[in-house]
Every structure is written in C-alpha cells, then in structure tokens.
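Visitor: Please take me through one part of this model in close detail. I would like to see how its strands pair and what packs around them.

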Amino acid sequence: MDTDQILALQNALPSTDGLDGKDFNVYHVEVLQSPCSTVRRIQIQEKVIEFLRAKKTAFGDLLLEEFQDPFLSQNIQYIALCDVELPGVEKKVIDLSTCSLQVHVFQLNTDGAGSEELDEENMSAANHWLLPASDFHGLWDSLVFDDSIKLRLLNYASTTMMFSEKLVDSNLITWNKVVLLHGPPGTGKTSLCKALAQKLCIRFSDKYTHGQLVEINSHSLFSKWFSESGKLVMKMFRMIQDLIEDPEALVCVLIDEVESLTAARKSAMNGVEPSDAIRVVNALLTQLDHIKKYPNVLILTTSNITGAIDLAFVDRADIKQYIGPPTVKAIYTIYHSCLKELMKCGVISPVHQLIDIRALEVTRFIENGATFHSLKLFDIAKKSQGLSGRSLRKIPFLAHALYLQGSPVTLENYLEAMSYTVDRQFQELNDLAKC
C-alpha cells in the first residue's frame with residue numbers, strides 16, 4: 001500500500017478527534033530507568049506524564065535525554081515517544097496535554113547471553129537472554145524498512161496477548177502465536193525477531209516483570225545417533241515450558257533458519273531426507289500445538305529457503321512476512337543514521353546538516369546549498385541497491401579502513417570514500433561469483 005492509499009484510507013475512517021479537538025489515539029512512551037534507581041515504576045510514570053503534559057506538544061517521534069527536574073535527572077536516562085512516525089506518511093503535531101499516553105518504564109539487564117546444553121557432549125543448544133537486555137538496546141530503531149513491518153508485528157503481538165487475556169475460545173478463532181519472517185540472507189530477519197522480543201517486554205512491562213528470549217540452535221538438535229533428534233527437540237521444549245510456567249515472564253522463542261528443523265516431510269518420505277527428519281518435524285509441530293495455550297509465549301522464526309519448510313509448519317504461522325533487500329529510500333536512511341553517528345562521535349568534522357529522506361523528497365531532489373551533501377549521499381544509496389542490510393551497515397566502517405585514516409575526516413571525503421567502497425563491494429561479489 002503506497003502513501004496515497006494510506007492517506008486515503010485514513011481519511012475514509014471515522015475521525016479520532018472529538019468535537020473538542022481531543023486526540024483519542026494512544027501514544028506509547030518508553031522510559032529507560034537509570035540502573036542505580038530504586039524508585040517504583042508508578043512514581044516515574046506519574047512524573048513523566050506530568051512532564052509531558054507540561055511540554056504540551058510533540059512533532060513526530062520524540063527523544064529527551066536532559067532534564068532540569070531533579071527527580072527525572074536522577075532516575076531516568078531518557079524519555080522516548082515511539083512509533084508515531086509511519087513510513088511515507090507526514091509527521092503530525094501531537095497534543096501531549098490531552099492525548100492518551102501509555103508510559104512503559106524499564107531497566108536493562110546487562111548479564112549477556114547464557115547457554116543451554118541438552119546432551120553429555122556439552123554442545124550449546126540455545127542462547128538465553130533475560131529481557132530487556134543491553135545487548136539489544138537500540139536495535140529496534142536501527143532497523144529500517146520502507147513498509148510498516150515493525151508496526152504490524154507489534155500490533156499482531158498486542159492482539160495475541162489481548163485475545164489470550166480475554167480467554168477467547170481458540171477453537172472458534174484460531175491463532176498459533178507463530179511468526180515466520182522469510183527472505184534472502186542479510187535482510188535483518190533475525191535482528192528484527194530479537195528487537196521485537198525486546199520491544200514486547202518493554203510494552204508489556206505492566207503485565208510481566210521480565211522477559212525471556214531463547215534462541216534455539218537448530219543444527220544442534222540433530223543427533224549423530226539415529227532417532228535421537230526428535231527426543232532432543234522434546235527436551236528443548238520441556239526446558240522452554242519451565243520458563244513459560246512462570247506467569248510473570250513473557251517468553252519469546254526464536255528459531256533461526258527454521259528450515260533446518262522443518263525440512264519438508266514429503267522429501268523425507270521420498271527418501272531424499274533421512275527418516276529422522278520426519279521425527280524432528282513431528283516433534284516440533286506437537287510442541288508448538290502444546291505451548292500455544294499459554295498466554296505468555298510467542299514463537300519467532302526465520303527462513304532463507306521457504307521452499308524447504310514443511311507445509312504444516314507454514315500453515316501454523318499466523319504471519320508470513322517477506323523481508324526483502326532494502327530499497328533506495330531505506331538505504332539512504334541507513335547511511336543517514338550512520339553518518340549522523342560518525343559526526344556525533346567526532347570521526348567526521350565539521351558537522352554538516354544531512355536532511356532525512358522525507359525532507360529530501362519535499363525539496364524534489366533539487367540541488368542547492370542545503371541539499372548538496374544529502375544528494376551525494378542519495379546517489380551512493382542508489383548505486384548500493386542489491387547489497388544486503390548487513391553489508392550496508394559495514395560500508396561506513398570499510399570506507400574509513402580502506403580509504404581514510406585518522407580523525408576527523410571531512411564529510412565530502414567520507415562520501416567519496418563510501419562511493420569507492422560500494423564499487424569495491426560489488427567487485428568482490430563478482431569475483432566470488434566467478435569462483
């Protein structure tokens with residue numbers, strides 16, 4: 001759906017503004033509590049609402065990190081008004097004095113990932129994080145998609161939790177709490193799953209005191225002993241069920257490259273795959289059907305090869321979202337955020353104003369003093385089409401490593417180095433293809 005269609009749909013819907021002009025939308029505010037703060041969340045929520053009401057207005061997403069109020073400065077690191085801006089839709093002014101605000105207060109866990117082992121060979125079968133985790137802090141905002149993929153996934157999870165909480169009869173209305181993200185490698189599927197798990201733990205911090213993310217190592221569940229793989233899957237999900245039975249925990253299970261576990265049974269039955277693969281698929285499907293009755297669990301899966309996935313698993317996925325290579329607009333936004341960070345850290349100096357893609361479109365890409373550097377960056381974004389999101393994030397680093405040394409570097413020199421680096425990346429890919 002393009003921008004014009006979104007705006008037309010919004011205009012066709014009943015207005016959320018009452019006769020008195022009040023905005024009845026619900027806006028989410030995320031508040032990072034300082035690690036040394038022991039103040040109760042409810043106190044921080046009340047203070048933040050009071051602070052935002054006094055601020056009166058916001059224009060799109062908002063991030064505040066400095067406060068004159070002693071209570072706020074001592075107890076919180078930032079206040080963020082989140083997910084207000086939609087891709088392709090103009091920013092709007094939000095009346096903070098009257099709108100509905102949901103404030104989510106959270107603290108980051110700094111312990112890092114733990115490891116879960118299932119057999120006597122001490123092979124790691126899963127990584128395990130306590131959420132919200134510092135490992136994933138900022139990951140959600142760093143992921144750039146043209147479509148409203150992130151918002152759709154958030155809305156899906158919210159509906160999942162609400163239907164479970166309201167005890168909707170799942171025999172009449174079916175949902176399986178399974179998300180499948182598919183697409184080529186390097187497009188951010190795994191990162192999006194981890195960021196979504198983190199985001200959900202923040203959004204539902206009033207219902208759950210903490211979150212758990214279990215990232216299953218699919219390959220470790222295949223035993224060298226015939227017929228043992230199905231038992232390993234069962235053992236893994238028994239461990240997951242122990243986590244789920246804690247009603248104060250929101251549990252997200254990530255199965256990366258799920259095709260490793262759900263190889264099509266048709267191939268197995270034809271002798272293409274070993275019969276042990278059938279046991280693995282059957283065990284996984286049985287466990288998914290079993291744990292979906294719990295209100296506090298969500299299964300997140302990714303796949304690079306959707307044709308290899310068993311159809312019964314695909315059918316269980318409530319959302320089958322394609323994650324494709326970044327478009328020119330998304331590439332520009334990624335580069336824009338990277339260069340802003342380098343200017344903030346002093347690697348690029350002096351600081352220049354780079355305008356965002358929406359503002360660049362408003363100027364109709366006409367070159368002038370204000371758009372000169374931004375248009376050069378847009379040209380680099382255009383010729384970067386075809387590179388994965390993972391590769392794009394490396395371009396600014398490689399540009400400095402290969403063509404620049406020392407600090408600071410002028411923006412003009414950095415853009416030139418990035419252009420050379422993009423050319424070099426495609427040359428390297430061509431050389432690999434020849435081999």
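Guide: What follows starts at one strand and moves on to the core, then turns to a sheet. The model is predicted. Start with strand 8, residues 124–131. Strand 7 (residues 114–117) runs antiparallel to strand 8, and four bridges join the two. Here Gly114 stands opposite His128. Strand 8 also pairs with strand 10 (residues 210–216), again in the antiparallel sense, over six bridges. His128 appears in this pairing too: Val214 in strand 10 stands opposite His128.

Now the core. The largest nonpolar core has 34 residues, and Ile216 and Ile240 touch the most other members. Strand 8 and strand 10 each give two or more residues to this core, as do strand 9 (178–182), helix 7 (229–244), strand 11 (249–255), helix 9 (276–291) and strand 12 (297–303). Helix 7 supplies the largest share, eight residues. Leaving out residues up to four places away in sequence, Ile240 touches Val214, Ile216 and Val253. Val214 is thus named twice: opposite His128, and in contact with Ile240.

Next, the open sheet. Four strands make it up, in the order 3-4-1-6, with mixed pairing. Its edges are strand 3 (62–64) and strand 6 (100–106), each paired on one side only. Neighbouring strands are turned by 15° against each other on average, direction ignored. Strand 3 and strand 4 (residues 76–82) run antiparallel, joined by three bridges. Leu63 stands opposite Ala80 there. Helix 2 (residues 41–55) lies across strand 1 (26–33), strand 3, strand 4 and strand 6, at about 135° to strand 6. Helix 6 (residues 189–203) packs on the sheet as well, touching strand 1, strand 4 and strand 6. Its direction makes about 95° with that of strand 1.

Conventions: Residues numbered from 1 in each chain as written. Predicted model: local features only at pLDDT ≥ 70, side-chain atom pairs only at ≥ 80, totals over all residues. Heavy atoms only, no water. Pairing = 2+ DSSP bridges. Core = buried A, V, L, I, M, F, W, Y, C linked by side-chain atoms within 4.5 Å. Buried < 20%, exposed > 50% of the residue type's maximum accessible area, 1.4 Å probe, protein only. Contact = heavy atoms within 4.5 Å. Axes fitted to C-alpha atoms, helices over the stretch in contact; angles between N-to-C directions.
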